[in-house]
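Morning, everyone. Please have the sequence and the model open on your screens. I'll talk through a few places in it.

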Amino acid sequence: MTGFILAIDQGTTSSRAILFDGDMKVVGSGQKEFTQHYPASGWVEHDPEEIWSSVLATAKAALKRAGRDASDVAAIGITNQRETVVIWDRATGRPIHNAIVWQDRRTAPLCQKLKKQGLEKKFTRKTGLLLDPYFSGTKIAWMLDKVKGARKRAENGELLAGTIDSFLIWRLTGGKVHATDATNASRTLVYNIEKNAWDDELLAILGIPARMLPQVKDCADDYGITEKSLFGAEIRILGVAGDQHAATIGQACFEPGMMKSTYGTGCFALLNTGSDLVRSKNRLLTTIAYRLNGKTTYALEGSIFIAGAAVQWLRDGIKVIGKAEQSGVLAASADPTQQVYLVPAFVGLGAPHWDAEARGAIFGLTRNSGPAEFARAALESVAFQTRDLLDAMRKDWKGASAKTVLRVDGGMVASDWTMQRLADLLDAPVDRPTILETTALGAAWLAGSKAGVWPKTREFARSWALERRFRPDMDASVRSAKLAGWRHAVRRTLSPL
């Protein structure tokens, strides 16, 4: 059997497809951006049909550029933006509304209402999550309430709901399979991560009919076969994981205590806690890292909403750079005597603050502050937020020792300046791997290992290779002063209680 594996990486701003050969090397790829819709302040939507067409186009492009066709592919692995959710017609497959994106804040009033009813502890105990608009459950409830006739149709079994992976699986299999994996399910706010099952009590609170939801499978599992008409031959779908979980796998963080952080639009740090379901006392998330062969591995997660998006803001918002890669060079030229802080709460603050009403702010400006200081503040904000997450993880779990090494991936890690500043402010080593496509690689490994054409866990972990280790090189007093200034800036940004 051929060892080629096709990874579909459906992200927040673009869809990508990468074809890997039997040696786990990239041999072809395709990428296509799609439209971001902002119908109201704090609202973010995607057109599911545009996502679907972009996935098909990029998959075909990856095969074409590699000079391969569908008959050469042993399996497909899917990874996706996690909490973004779609509701579609069971009979036609057509969405009833645009997808509501993980960044969307429209359900903040519902979350506040549930908190006032004293329900957050119940949700957290069962799901490991907090009552925040970030997660899928309240988005489903909103669509059922706001789209005319949706609730009655859902109760009659006419509608299906799922995260982007489920929607893609449904379309790829011609409506034969409605499924998701345990990692995506764990982000919905209605999945009991200890029992590994949809939770009837939470579904009732949000008014979501259980019959809408997909079957939950292992990350490496049988998700059906693609329609022959799509690619010219049938392909098995054998791996699925949410993007941050796929990156954890791609970084080979299989042992408890290993940690990865992905720097894309947002930043998501996961710390493997093994079979230990750690209930955070510091407002981190408890989540399923992955589930293989029926065995669940848990993680502590810190979610930062704005990371690479801060660089996009420099480029597109205030136009101090023309290209994202210019940010590190510009930051390096900043005046060292100034300390400008950007708290990038453009869509609220994630962990460990979870303040949906906070908004971005800049502190420390002088008459001499300019583009270089703005660039440094934007990049440092990512490092400061990561430090907040690491501190919280160390408080929550003894396995997060002072010797923790952070494995990094995502678009921002190409900047040496940014990674060095990250190591400096964390006071911990930062490891950048030779393969930066770790999210796609993780999805591909799930499918390839299930297909029997790629190595099993231990051998795959041994294949992980270091490109560069960034070691902290900042004076402790300078680091301490910077961190104190950051914490002061955050306190001044948080919304009133």
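Start at helix α11, residues 308-317. Which of its residues are buried? They are Gly308, Ala309, Ala310, Val311 and Leu314. Look at the numbering there. In general, an α-helix has 3.6 residues a turn, so residues three or four places apart point the same way. And what do the buried residues of α11 pack against? Two helices: α12, which covers 326-332, and α13. Step just past the end of α11 and you meet Lys319, with a positive phi of about 55°. Keep in mind that this is a predicted model.

Now hold on to α13, because it comes back in the core: this helix spans residues 371-396 and gives the most to the largest nonpolar core, 12 residues. How many residues does that core have? It has 94. Ile208, Tyr263 and Leu422 have the most contacts inside it. The core also draws on both domains, with at least three residues from each. Domain 1 is 4-244, and domain 2 is 252-433 plus 465-496.

Take Tyr263 as an example. Set aside its neighbours within four places in sequence. What is left in contact with Tyr263? Val382 and Thr386 are on the list. Leu406, Val408 and Asp409 are too. Then come Gly410, Gly411, Met412 and Val413. Leu422 completes the set. That is the Leu422 we just met among the residues with the most contacts inside the core.

There is also a second, separate core. This one has 36 residues, including Leu56, Ala70, Ile235 and Ile237.

On to the backbone. Go to the loop between β18, residues 341-343, and β19, residues 361-363. Pro352 sits there. The peptide bond leading into Pro352 from Ala351 is cis, with omega near -5°. Trp354 lies in the loop between β18 and β19 as well. Trp354 is not a glycine, yet its phi is positive, about 50°. Is Trp354 buried or exposed? Its relative accessibility is 6%, and the cut-off for buried is under 20%, so Trp354 counts as buried.

Last stop: Asn293. Find it in the loop between β16, 285-292, and β17, 295-304. Asn293 is another residue that is not a glycine but has a positive phi, here about 55°. Buried or exposed, then, for Asn293? The relative accessible area of Asn293 is 77%, and exposed means over 50%, so Asn293 is exposed.

So, two residues to revisit on your own screens: Trp354, which is buried, and Asn293, which is exposed. Thanks.

Key
Residues are numbered from 1 along each chain as its sequence is written. This is a predicted model: local features need pLDDT of at least 70, side-chain atom pairs count only at pLDDT 80 or more; totals for chains, interfaces and linings use all residues. Side-chain values use heavy atoms; hydrogens and water are left out. A nonpolar core is a set of buried Ala, Val, Leu, Ile, Met, Phe, Trp, Tyr and Cys residues joined through side-chain atoms within 4.5 Å. Buried means under 20% relative accessible area, exposed over 50%, partly exposed in between (1.4 Å probe, protein chains only). Helices (H or I, at least four residues) and strands (E, at least two) are DSSP runs, numbered from the N terminus. Domain bounds come from an automatic or database domain assignment. Contact means heavy atoms within 4.5 Å.
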